[in-house]
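Colleague: I am new to this structure and would be grateful for a close look at one part of it. Could you please describe the ligand and its surroundings?

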Amino acid sequence: MSKRTHLGHQAKKRFGQNFLHNEAVISSIVDVINPEPGENLVEIGPGLGALTEPVVERAGKLTVVELDRDLARRLRHHPFLAEHLTIHETDALKFDFSELVIDEKPLRIFGNLPYNISTPLIFHLLTFHDKVQDMHFMLQKEVVERMAASPNCKTYGRLSIMTQYQCQVIPVMEIGPEAFKPAPKVDSAIVRLVPHKKIKNPVKDIKALNQVCLAGFNQRRKTIRNSFKKLLTSDQLESMGINPGLRPENLSVDDYIMLANFVVDNPVEEDQE
Ligand code: SAH
């Protein structure tokens, strides 16, 4: 049997398919998620059901979003799972997760995500933060490190700031490549994201926060005097108490929020030099 075949299914690279097959690892992941009956549970990329089955055993029902037609069909005809699942055969990147909120029950989203789309998928999911109770994702370990990074770290950047602005980020466990079939080339980790009930220091426009992060980290070795040139002057940075000689990784999430709000209040004309 080919290394890429699992339970009679040929793993597809383009869908980032790495299936969990180690029972001990699967059950510790499900313990971390801790699904309970009556919760509004949503799995992204159920695949061959490695996590789906034990979650259904505990919670009774589950909504799944799966892009691969063959896998969605298998789930629809699965002798045990089918009647417990609501299956959306669609692209999670384009899916409107707010349509799953019924009776105001917040979502508990989880999944062993396709690594090739994990960052855009996280950004997409963050837009539903006010509908979400928590999220548990298997990601490349390096992505979890970037999400959880503090200022002054090498891995601190746009993903850290955008995620921490919306959520508490809790790395929960690391998982080696041998737990998957086929085995990925990288280490993996599970992260728990808990959206803040109330954002203490809200930005006036989330797009502006993204914009200052993009500008700041576009070239991380430049000083912010240079990288923010198109958005803010050195004098303006200094007027906010920020030293223009710093590098983008030296600013806190609150600093980025302050910069974003300044840019909203003082928009730059496109052609102005
Ligand atoms: N949860 C399973 C499979 C993980 S592999 C396990 O742990 O074994 C990733 C899964 O995400 C695959 O089932 C793949 O088909 C699915 N997938 C890939 N891209 C997707 C997308 N854009 N939207 C929804 N599901 C996707």
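Modeller: The following account treats the ligand, its contacts and the pocket that holds it. Please note that this is a predicted model.

The ligand sits in the second largest pocket, which holds about 410 Å³ of space. This pocket is lined by 30 residues, and those closest to its centre are Phe15, Gly16, Gly45, Glu66 and Pro114. Two strands, β3 (19-20) and β4 (40-44), each contribute at least two residues to the lining of the second largest pocket. Sorted by class, that lining comprises 16 nonpolar, nine polar and five charged residues.

Around the ligand itself there are 22 residues, of which Leu20, Gly45, Glu66, Asp91 and Asn112 come nearest. The shell that these residues belong to consists of eleven nonpolar, seven polar and four charged residues. Gly45 and Glu66 are thus named among the residues that come nearest to the ligand and also among those closest to the centre of the pocket.

Individual atom pairs complete the picture. On the side of the ligand's oxygen atoms, one lies 2.9 Å from an N or O atom in the side chain of Gln17, and a backbone N or O atom of Gly47 is 3.3 Å from an oxygen atom of the ligand. A nitrogen atom of the ligand, in turn, is 2.9 Å from a polar backbone atom of Ala92. Taken on its own, the ligand has 570 Å² of accessible area, and the protein covers 98% of that area.

Note on methods
Residues numbered from 1 in each chain as written. Predicted model: local features only at pLDDT ≥ 70, side-chain atom pairs only at ≥ 80, totals over all residues. Heavy atoms only, no water. Near = heavy atom within 4 Å. Polar contact = N/O pair within 3.5 Å; in protein donor to acceptor, adjacent residues only side chain to side chain. Areas by Shrake-Rupley, 256 points an atom, 1.4 Å probe, with all protein chains shown as cover. 1 Å grid on protein atoms, 1.4 Å probe; cavity = no way out; pocket = protein on both sides within 12 Å on 5 of 7 lines; lining within 4 Å. Sits in = over half its atoms within 2 Å of the grid points. Nonpolar A, V, L, I, M, F, W, Y, C, P; charged D, E, K, R; others polar. Points joined across faces, edges and corners; volume = space filled by probe spheres on them. Helix = DSSP H or I, 4+ residues; strand = E, 2+ residues; numbered from the N terminus.
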